[in-house]
Structure formats: C-alpha cells, structure tokens
Amino acid sequence: MDNPKLLRVAVTQAEPQWLDLNAAVAKMVALIEETAGGGAQLIAFPEVWITGYPTWLWGRTVDPPMVTQYTLNALSVDSAEMDRIRDAALASSIAVVFGFAERTPTDSLYISQAIISPQGELVLKRRKIKPTHVERTVFGDGSGPDLNNVVELDFGSATGKVKVGTLACWEHTQPLLKYHTYAQGEAVHISMWPPLYSHGGAEDPSHWALSAEGCLGLSQTYAVEGGKFVLHCTGVLSEKGIDKLQTKESFAFNTPGGGQSCVIGPDGRRLTAPLDGGNTTHEGIVYADLDLNMIVPTRHMIDVVGHYSRPDLLWLGVDKRAKNPVAERAAAADE
C-alpha cells in the first residue's frame, strides 16, 4: 500500500518467572530492552504474566499456602516494581502492554492489565470485569472504570498517534464488552492469554474454546468484527513451572508448552508464522510491521459501530461508575 503508516510491534512468547516478583520484573525489563533494540515501538505480554497465571486452580481450587505465596509476589500499582517497568519503557522509548496479578493494600487480587506509554507514563490500568470459572476463587471482579480499555499513544512523528486497547482471555467471548471496546476506536488490540494447548478432537471432554485453536479463533473473530490488528499473546509453561505450581496431576497445564503467539490482520488473517516451526515450548519474540492504513479498506467493508450498525434497532447501555464497597453519603442540609 502506498504511503504506509507503520508500527513495529513485538509479541512475546515467554515463560513467566513463577511466584517471583523481582525476577519477573527483571525478565520483563530485559525483554523490553531486547525488543527495543530490534526496532519495536510496542511490546506485548500475556495475561497475568507477572507473576504467572495460577495454573493450579484447574486442579485444586483451595490451596492456602500457594495463594499466599502468589499474593505476596503479585504486583501493586503504586510500587517500586511498577516504577522499574515505567523507567524501562521510558529509557527504550517503547510502549509496554502487559497483564499482571494486581495486589491491593488489603491483599485482594485482580486480573489486571497495564499500558505504559513510550514516555514512561502508566496511561491505563484496568481489571478483568469477570474472572473466568475457577479464577473467581482467587480474583475479584472489575468495575465500571475498567470498561475504559483503550488509550491513544504517541509514537512520534513517523508513526504518530495510535489508539491501543486490550482485553484478557475469555473477555473475548463477551459480546457487549467487545462492542464497547470497538466503539472506543482502537487500531491495535492486545489479546492476552495464558499458555494454550491444542484440543484433542471430537472425543476430548475439555471445552474447545479454551484450547489453542478456540482462543485463536476468538482473537481472529475480534479482528474481523472490530477491523483492527490483534496481537495474540500467550505464555509458555515448562517442567519447572509445572513443578513450581504442582500441576503434574491436574486436569490442565500438566505438560510443557502453551506458546501460541502471533499477529492477526484487521480482516482476521494470520500474518506471522509460529515461532520455531510451531514448537510451543519455545520462548521468543514475534515481530511484525503493521501498516495501519490496512484498517481503512477493512472498515469500508465492516464497521460495526458505524455504517454497519443499526442503533435505531439495537444499542448498548453502559454504566462506568465505580461500585465501591464503602460509599460516603453527603449530609443533608439540616443535619
């Protein structure tokens, strides 16, 4: 396409540093520096990459010692560790989009996502609005402000300003949430996932939409419906991770693998090949140069929040107010 508007992205396919916050931040900083050296303007990490997806939940939902260690190594928003990530983004002039287990001052946990600008500012922090199935035994729900999941980033004179957004895992099955995200006008979407495994076929009792094939399909559907590039970002699980989280005998996450990262075009096609010939245990980086002008002809065909919508018949209602556990009531004038 003539006069391309290019954005170079890096999609990680990397194993977390399980239950080790300091090591996780150190590895993230190293990957930020590596990909910036490769010319990337944006780097994407998977769901709760700090400090790893709690894989044990799919085998045992009650494990107080494990959840205690997990909480103690989760990331707080106002922390030295978050500052280290912001400093790394600023030093390398790269946008960083990552998932993390957020720890609050009262030790509640949330599946959270952050976007740090190339200027080192934390421009977005949101929580997954509804953890999936057994995740609810560890993580709380997001609230109204977490519907704001798209921000505009300034990548400088060559690329300009680009709207970037993100959702976590099976949030990509939620039609209303997706539609609200489409309406925010993102051009690049980061689709965050844990390690993903191939489905066993027609006789496999597991849910197909939890498989590598199913989740890739959800990301590709998102790209088609929204007319945007999707960075499909997954984690990796090794024998070390299996031993650390004690999942060898679990229903899921019991074998090494899970790496399925790729880049998807705004019409749903896959733009990048699997790393290392499809070796799902391989850690690496998927690079892609996105011509953002490709979005224009795609949305000429499908714009579900524009010319291909019928708001006179169907519309979405949204309540973005925070639902806090303590709400102060203003005193009446005569009190």
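Colleague: Which residues are linked with Lys 128 in a network of salt bridges?

Modeller: Start with the general idea: side chains of opposite charge can pair when their charged atoms come close. In this predicted model, Lys 128 belongs to a network of salt bridges together with Glu 47 and Glu 135.

Colleague: Nice. How many salt bridges does a search of the whole structure find?

Modeller: The search gives 19 salt bridges. One of them pairs Arg 8 with Asp 289, with 3.1 Å between the closest N and O atoms. Arg 8 sits in strand S1 (residues 6-13) and Asp 289 in strand S11 (residues 284-291), so this pair ties together parts 281 residues apart in sequence. As for its surroundings, Arg 8 is partly exposed, at a relative accessible area of 23%.

Colleague: And which residue forms a salt bridge with Lys 125?

Modeller: That is Glu 102, and the closest N and O atoms are 3.2 Å apart. The two are 23 residues apart and link distant parts of the chain: Lys 125 is in strand S5 (residues 122-127), Glu 102 in strand S3 (residues 95-103). Look at accessibility too: Lys 125 is partly exposed at 27% relative accessible area, whereas Glu 102 is buried at 5%.

Colleague: What about Glu 171 and Arg 126: are they buried or exposed?

Modeller: Both Glu 171 and Arg 126 are buried. They form a salt bridge whose closest N and O atoms are 2.8 Å apart. Because Glu 171 lies in the loop between strand S7 (161-168) and helix H4 (175-182), and Arg 126 in strand S5, the pair ties together parts that are 45 residues apart in sequence.

Notes: Residues are numbered from 1 along each chain as its sequence is written. This is a predicted model: local features need pLDDT of at least 70, side-chain atom pairs count only at pLDDT 80 or more; totals for chains, interfaces and linings use all residues. Side-chain values use heavy atoms; hydrogens and water are left out. A salt bridge is a side-chain nitrogen of Lys or Arg within 4 Å of a carboxyl oxygen of Asp or Glu. Helices (H or I, at least four residues) and strands (E, at least two) are DSSP runs, numbered from the N terminus. Buried means under 20% relative accessible area, exposed over 50%, partly exposed in between (1.4 Å probe, protein chains only).
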